[in-house]
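Grab a pencil and have a go at the exercises below. Try each task yourself before you read its solution.

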Amino acid sequence: MVRVKHHRIAIILVFIATLSVVHSTRAQAPPAGPAVKLSPGDPEAGKALFQQNCVNCHGLDATGEEGPNLHGVPQALGDAAVSNIIRRGIPGTGMPSSYILTEQDAANIVAWLRSLDSAPQPAALGDAKKGEAVYASAGCAACHMIDGTGGDIGPELSRIGSERGAANLKARLIDPGANLPKPAGGFTGGGGFTEYLMFRAVEKDGHVTEGIRVGEDSFSIVLRDAQGNLHGFSKPDLAKLEKEPGKSIMPSFKDTLSSAQMDDLIAYLSTLKGAK
Ligand code: HEC
Ligand code: HEC
């Protein structure tokens with residue numbers, strides 16, 4: 001009995017070390033590449049290129065989905081910077097580089113983005129100030145960090161407004177498990193796309209633990225529960241170990257927030273753009 005306990009503590013310690021490594025590699029800085037000299041862009045050609053290459057992540061109207069709203073972005077960052085992002089991606093994030101798009105293609109896309117209305121988009125029209133209060137009262141900070149404050153069970157949200165569109169944020173609040181965040185750096189990067197996948201461990205005495213996997217090898221697994229507690233298991237000691245796709249440790253806020261509160265909260269999240 002005591003031996004098993006020690007074994008578990010050892011497993012946990014090893015993976016706490018792993019955890020801190022994983023967390024410290026989640027940094028994200030856009031490349032400070034040299035400014036590209038652009039030819040004047042053609043918005044019509046840019047629109048077509050956008051539809052082929054960008055809509056899956058940024059939405060048909062560029063108001064954002066899995067990727068952020070792009071209205072007003074060339075105005076804020078400058079054409080050369082945006083063109084750079086289009087061709088090189090943003091390393092360490094979900095924004096991929098493109099080997100297909102030429103400098104002229106990128107200039108065309110930028111010209112189309114410039115032609116869009118740069119005013120705030122309808123889905124983010126809630127009241128961000130009220131949304132900040134909703135964030136505090138709904139207990140989000142127990143699991144999420146914003147500018148160094150909060151828990152680290154879920155992803156940091158300091159830059160979430162630069163990472164996702166409003167519609168996507170709403171979908172995540174309503175049905176968190178349906179669309180787990182993809183890892184920074186894509187499928188080949190660290191982290192693994194199962195970073196937030198839920199696991200269910202059933203011990204031989206029937207005791208059940210659900211949590212996010214924070215470490216695993218052939219013989220052991222460590223799960224982190226919704227309160228942030230770590231549970232280490234020796235696999236041969238488990239009666240069952242299952243993945244639970246579609247589930248999240250984050251609760252759904254579909255029934256606990258009114259639709260006005262939800263809009264306010266999304267407006268608040270959309271303002272979180274980190275340090276630029
Ligand atoms: C696989 C999904 C995906 C595709 C495809 C994609 N993007 Fe992105 N994009 C993202 C994500 C996610 C971010 C946010 C990255 C971050 O900062 O964390 C992003 C960020 C950006 C940014 C920076 C926005 C800002 O405010 O800093 C620009 C500009 C951009 N994308 C343009 C494009 C264009 C144009 C295309 C098509 C050529 C494209 N993206 C294709 C996912 C994608
Ligand atoms: C019990 C912990 C927990 C609580 C409470 C919680 N979350 Fe989460 N949240 C997570 C985890 C874990 C994920 C990643 C898995 C997922 O998306 O379901 C996540 C994902 C998210 C995402 C998607 C992040 C991304 O990169 O796309 C957003 C946005 C978010 N949470 C916002 C909130 C807000 C706002 C609240 C409060 C209303 C909240 N969460 C409450 C744990 C939590």
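**Exercise 1. Work out which geometry the iron atom of ligand 1 has, and which residues hold it.**

Step 1: look at the angles. The six donor atoms make angles of 85 to 179° at the iron atom of ligand 1, so the site is octahedral (for six donors, that label asks for opposite donors over 155 degrees apart and all others between 65 and 115). For six octahedral donors the ideal angles are 90 or 180 degrees.

Step 2: find the protein donors (N, O and S atoms within 2.8 Å of the metal, or 3.2 Å for Na, K and Ca; water is not among the atoms, so sites may look incomplete). They are NE2 of His58 and SD of Met95, at 2.0 to 2.1 Å.

Step 3: place the pair on the chain. His58 sits in helix 3 (residues 55-58), while Met95 is in the loop between helix 5 (79-88) and helix 6 (103-115), so distant parts of the chain, 37 residues apart, get linked. Helices here are DSSP runs of H or I with at least four residues, strands are runs of E with at least two, and both are numbered from the N terminus.

Step 4: check how covered they are. His58 is buried because its relative accessible area is 9%, and Met95 counts as partly exposed because its value is 25%. The cut-offs are under 20% for buried, over 50% for exposed and in between for partly exposed, with a 1.4 Å probe and protein chains only.

A word on ground rules: this is a predicted model, where local features need pLDDT of at least 70 and side-chain atom pairs count only at pLDDT 80 or more, while totals for chains, interfaces and linings use all residues. Residues are numbered from 1 along each chain as its sequence is written, chains are lettered from A and ligands numbered from 1 in the order in which they are written, and side-chain values use heavy atoms, leaving out hydrogens and water.

**Exercise 2. Describe the shell of residues around ligand 1.**

Step 1: start with the nearest residues. There are 24 residues around ligand 1 (each with a heavy atom within 4 Å of it), and Cys54, Cys57, His58, Met95 and Arg159 come nearest.

Step 2: pick out polar contacts (pairs of N or O atoms within 3.5 Å; within protein, one must be able to donate a hydrogen and the other to accept it, and residues adjacent in sequence count only if both atoms are side-chain atoms). Arg159 has a polar side-chain atom 2.6 Å from an oxygen atom of ligand 1.

Step 3: sort by element. Helix 3, helix 4 (73-77), helix 5 and helix 8 (160-163) each give at least two residues, and helix 5 has the largest share, three residues.

Step 4: sort by class. You get 14 nonpolar, six polar and four charged residues, where Ala, Val, Leu, Ile, Met, Phe, Trp, Tyr, Cys and Pro are nonpolar, Asp, Glu, Lys and Arg charged, and the others, Gly among them, polar.

**Exercise 3. Take a closer look at helix 5.**

Step 1: list what is buried. Val82, Ser83, Asn84, Ile85 and Ile86 are.

Step 2: see what they touch. The buried residues of helix 5 pack against helix 4 and helix 6 (contact means heavy atoms within 4.5 Å).

Step 3: step past the end. Just after helix 5, Gly89 has a positive phi of about 70°.

**Exercise 4. Now do ligand 2: find its iron donors and its shell.**

Step 1: the iron. His144 (NE2) and Met250 (SD) are the protein donors, 2.0 to 2.1 Å from the iron atom of ligand 2. Its site is octahedral, with angles of 87 to 179° among six donor atoms.

Step 2: the pair. His144 lies in the loop between helix 7 (128-137) and strand 1 (145-146), and Met250 in the loop between strand 7 (238-244) and helix 10, 106 residues apart. His144 is buried at 10% relative accessible area, whereas Met250 is partly exposed at 25%.

Step 3: the shell. It divides into 21 nonpolar, four polar and two charged residues. An N or O atom in the side chain of Ser248 is 2.5 Å from an oxygen atom of ligand 2, and a backbone N or O atom of Pro176 is 3.0 Å from an oxygen atom of ligand 2.

Notes. Four donors count as tetrahedral if all angles lie between 85 and 135 degrees; four count as square planar and six as octahedral if opposite donors are over 155 degrees apart and all others between 65 and 115; anything else is irregular.
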